[in-house]
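Please open the model in your viewer and keep the sequence panel beside it, since this tour moves from one selection to the next and says what is to be found at each stop.

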Amino acid sequence: SLLVSYLYGRYTGECATCEFRLFVSWIDRHVRNWSACDAVCTKLIRACLENVPELAGELLGWTESTNIWKRRAAAVSLIYEAKF
């Protein structure tokens, strides 16, 4: 996940709703540890949120997920914005 996040990170300007759905499916299927979650969220999910801010509304629903990594993703995806 770290390698994919790094490689896909080169195309963050192109991330939109379609990519957001793809990254969410990665969280559901493949994320199984802190570093994988943080890599996907801080680079890829964040890029989607920057390009399509309306997607941020979907993060609230993640906080009630049974998947611990999706709950973490809801918070980690907004870390960059919380700095400002």
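Begin by selecting Phe23 and Trp26, which both lie in helix H2, three residues apart, or about one turn of the helix. An α-helix has 3.6 residues a turn, so residues three or four places apart point the same way. Please keep in mind throughout that this is a predicted model, and that what you see on the screen is to be read as such. By the rule used here for ring centres, the count comes to three aromatic pairs. Phe23 and Trp26 form one that is tilted, with 5.2 Å from centre to centre and 55 degrees between the planes.

Is Phe23 buried or exposed? Phe23 has a relative accessible area of 0%, and because buried means under 20%, it is counted as buried.

Next, select Trp34 and Trp69, which form an aromatic pair that is edge-to-face, with 5.2 Å from centre to centre and 90 degrees between the planes. Trp34 belongs to helix H3 and Trp69 to helix H5 (residues 68-76), so this pair ties together parts that are 35 residues apart in sequence. If you colour by accessibility, Trp69 comes out as buried, with a relative accessible area of 13%.

Now return to helix H2 and select the whole of it, residues 17-29. At 1.5 Å a residue, the 13 residues of H2 should span 18 Å, and the end C-alpha atoms are 18 Å apart, which agrees. The buried residues of H2 are Glu19, Phe20, Phe23, Val24, Ser25 and Ile27, so that Phe23, your starting point, appears among them.

The following stop is helix H3, residues 34-51, whose 18 residues should span 26 Å at 1.5 Å a residue, while its end C-alpha atoms are 25 Å apart, which agrees. Look along H3 for a kink of about 35 degrees, which is centred on Cys41. Cys41 is also one of the buried residues of H3, a list that includes Ala36, Val40, Leu44 and Leu49.

Two residues of H3 deserve a selection of their own. Ala36, in helix H3, is buried, with a relative accessible area of 5%. If you draw a distance from the C-alpha atom of Ala36 to that of Arg10, which is 26 residues away along the chain, the viewer should give 18 Å.

Leu44, also found in helix H3, counts as buried at 0% relative accessibility. Which residues is Leu44 in contact with, once its neighbours within four places in sequence are left aside? They are Ser5, Tyr8, Gly9, Phe23, Trp26 and Ala39, and so the tilted pair of the opening stop can be shown together with Leu44 in one view. Glu19 is 25 residues from Leu44 in sequence, and the two are 8.5 Å apart in space, C-alpha to C-alpha.

Finally, clear the selection and display the whole chain, in which there are six helices and zero strands. The radius of gyration of the chain is 11 Å, close to the 12 Å that the globule rule gives for 84 residues, so the chain is as compact as a globular protein of that length. Along its principal axes, the C-alpha trace spans about 30 × 25 × 25 Å. Buried residues make up 37% of the 84 residues. Of the contacts with a separation of 6 or more, 66% are accounted for by residues 24 or more positions apart. If you switch on the surface, its accessible area comes to about 5100 Å², of which 58% belongs to carbon and sulfur atoms.

Conventions: Residues numbered from 1 in each chain as written. Predicted model: local features only at pLDDT ≥ 70, side-chain atom pairs only at ≥ 80, totals over all residues. Heavy atoms only, no water. Helix = DSSP H or I, 4+ residues; strand = E, 2+ residues; numbered from the N terminus. Expected span 1.5 Å × (residues − 1). Bend = angle between axes of the 7 residues up to and from the residue. Buried < 20%, exposed > 50% of the residue type's maximum accessible area, 1.4 Å probe, protein only. Rg over C-alpha atoms; globule rule 2.2 N^0.38 Å. Contact = heavy atoms within 4.5 Å. Areas by Shrake-Rupley, 256 points an atom, 1.4 Å probe, with all protein chains shown as cover. Phe/Tyr/Trp six-rings, centres within 6.5 Å; stacked < 30°, edge-to-face > 60°.
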